[in-house]
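Q: Please take a close look at the ligand site of the structure shown here. A connected account of the surroundings of the ligand would be welcome.

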Amino acid sequence: MLTGKKIVLGITGGIAAYKAAELTRALIQEGARVKVIMTRSATEFITPLTLQTLSGDMVYTDMFVPTDRYDMAHISLAEFADAFVVAPATGNIIGKIAGGIADDLLSTTIMAEDKPTLFCPAMNDKMLANPIVQENIDKLKMHGYFVMDSAYGELACKTKGAGRLPDISSIIEEIAMMLTPKDLTDERILVTAGPTEEPLDPVRFITNLSSGKMGYALARVARRRGAQVTLVTGPTNLPLPQVNKIVQIRTAQEMYKAVLDNFEEATIVIKAAAVADYRPAVKAQEKIKKNRQSLALNLERNPDIIFELGKIKGSRILVGFAMETQNLLDNAREKLKKKNLDFIVANSLREEGAGFQTDTNVITIIDKTGKAEAFSKMTKLDAALKIFDRIRDVIKKKGKSKK
Ligand code: CTP
């Protein structure tokens, strides 16, 4: 996700400084290169050696240390970075940058750089609520810095409130967001994800193996690229992505209703959900008892949601998925036509690295003319990128045909 990205991480002196070790590690795991600047107070909470070991690079702490090269750290770090992240950001560093004060290596470097820069404030709730700190945060935002909201929860001073460092995963998401070019800002995207559950009685249901990973990856990537995103999701075990609106549903009928409720304003609809084609004709009010030798279930058809959308799509772009165990391309082409889609993303359950629970997928995109482009195995996030690249092509083509 952050492969090859060069991040300069500034650590300032708050108790959450110890979490910067975890952040450094997570950034490296995401494929980023990390150089760390620590303020003097940060080194009171966590040692430079820890960060040096985790980042695999020297840690910068001092403005005035002679090195073996003629290299002004604040300038070379500013040139090196694709992005700056200050985590945790104390009220002090926020105040210094807002006030134009550069009196140590971190504040001087931030003053000397013009790269995307994210502050992740962490401090006592009363400090955070202080109107001067709030004004400083507003000022940073006004000048184009990104500032995350602190998380709510138990603070080091044993009180509860806003002021915790945001989750490491949310910081990573915010960095990815900051670094992604915004080429979908005019779009309102409706994504469906996950399985549906069709209840038989109060304790049992019919479902499928969908994990929701592909749909959530699409929602994330769409948001990173600047789109307004609504996610309609069946039950999954995944943390919910940060998007504009989330509707959690259980059954195919509930998904159908949620999709129709949000269809009008959508410009693009992507149906990555694995919708149950059938539901039990009757849902028993009480638990079904095992007082028979055999039990036949009577199932009835659920609406084919995307088929119904295909009839009313107007100028919207409609993208479906086809999950097959045999005749992948033929079956997918048939679905594409029948459901009036702009393109279909086909994947085979038989392929290694593809399918429901995996973090990777092996996709083939088939367009309206039937032309197929096969991609090799990649993460579901990368697959989502490819799908949106294709959507960009469709948008361009549609724009041209309007002229
Ligand atoms: N889909 C849908 N509503 C359904 C079933 C499927 O909207 N009741 C959508 C899926 O979200 C997907 C596409 O239709 O985008 C294809 O789904 P898939 O399960 O591969 O195919 P089906 O149409 O259900 O056909 P079959 O089960 O016969 O393969």
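In particular, which residue offers a polar backbone atom at 3.0 Å from a nitrogen atom of the ligand?

A: The residue is Ile305: one of its polar backbone atoms lies 3.0 Å from a nitrogen atom of the ligand. The model is a predicted one, and the distances given here are computed from it. A backbone contact of this kind also involves Pro303, where a polar backbone atom and a nitrogen atom of the ligand are 2.9 Å apart. A side chain takes part as well: an N or O atom of the Lys335 side chain is found 2.8 Å from an oxygen atom of the ligand. The ligand on its own would expose 570 Å², and 78% of this area is buried by the protein.

The surroundings of the ligand comprise 14 residues. The closest of them are Lys271, Ala273, Phe321, Lys335 and Lys339. Lys335 thus appears among the closest residues and also supplies the side-chain contact to a ligand oxygen atom.

As for the protein around this site, its 403 residues include 50% that count as buried, and its secondary structure consists of 14 helices and 22 strands. Its C-alpha atoms occupy a box of roughly 80 × 55 × 40 Å along the principal axes. Of the contacts between residues at least 6 apart in sequence, 67% link residues at least 24 apart. The accessible surface of the protein amounts to about 20,600 Å², with 51% belonging to carbon and sulfur atoms. Its charged side chains number 57 positive and 48 negative, and the centres of these two sets are 6 Å apart.

Notes: Residues are numbered from 1 along each chain as its sequence is written. This is a predicted model: local features need pLDDT of at least 70, side-chain atom pairs count only at pLDDT 80 or more; totals for chains, interfaces and linings use all residues. Side-chain values use heavy atoms; hydrogens and water are left out. Helices (H or I, at least four residues) and strands (E, at least two) are DSSP runs, numbered from the N terminus. Buried means under 20% relative accessible area, exposed over 50%, partly exposed in between (1.4 Å probe, protein chains only). Contact means heavy atoms within 4.5 Å. Accessible areas come from the Shrake-Rupley method with a 1.4 Å probe; for residues, only the protein chains shown count as cover. Lys and Arg count as positive and Asp and Glu as negative; His and the chain ends are not counted. The place of a charge is taken as NZ of Lys, CZ of Arg, CG of Asp or CD of Glu. A residue is near a molecule or strand if one of its heavy atoms lies within 4 Å of it. A polar contact is a pair of N or O atoms within 3.5 Å; within protein, one must be able to donate a hydrogen and the other to accept it, and residues adjacent in sequence count only if both atoms are side-chain atoms.
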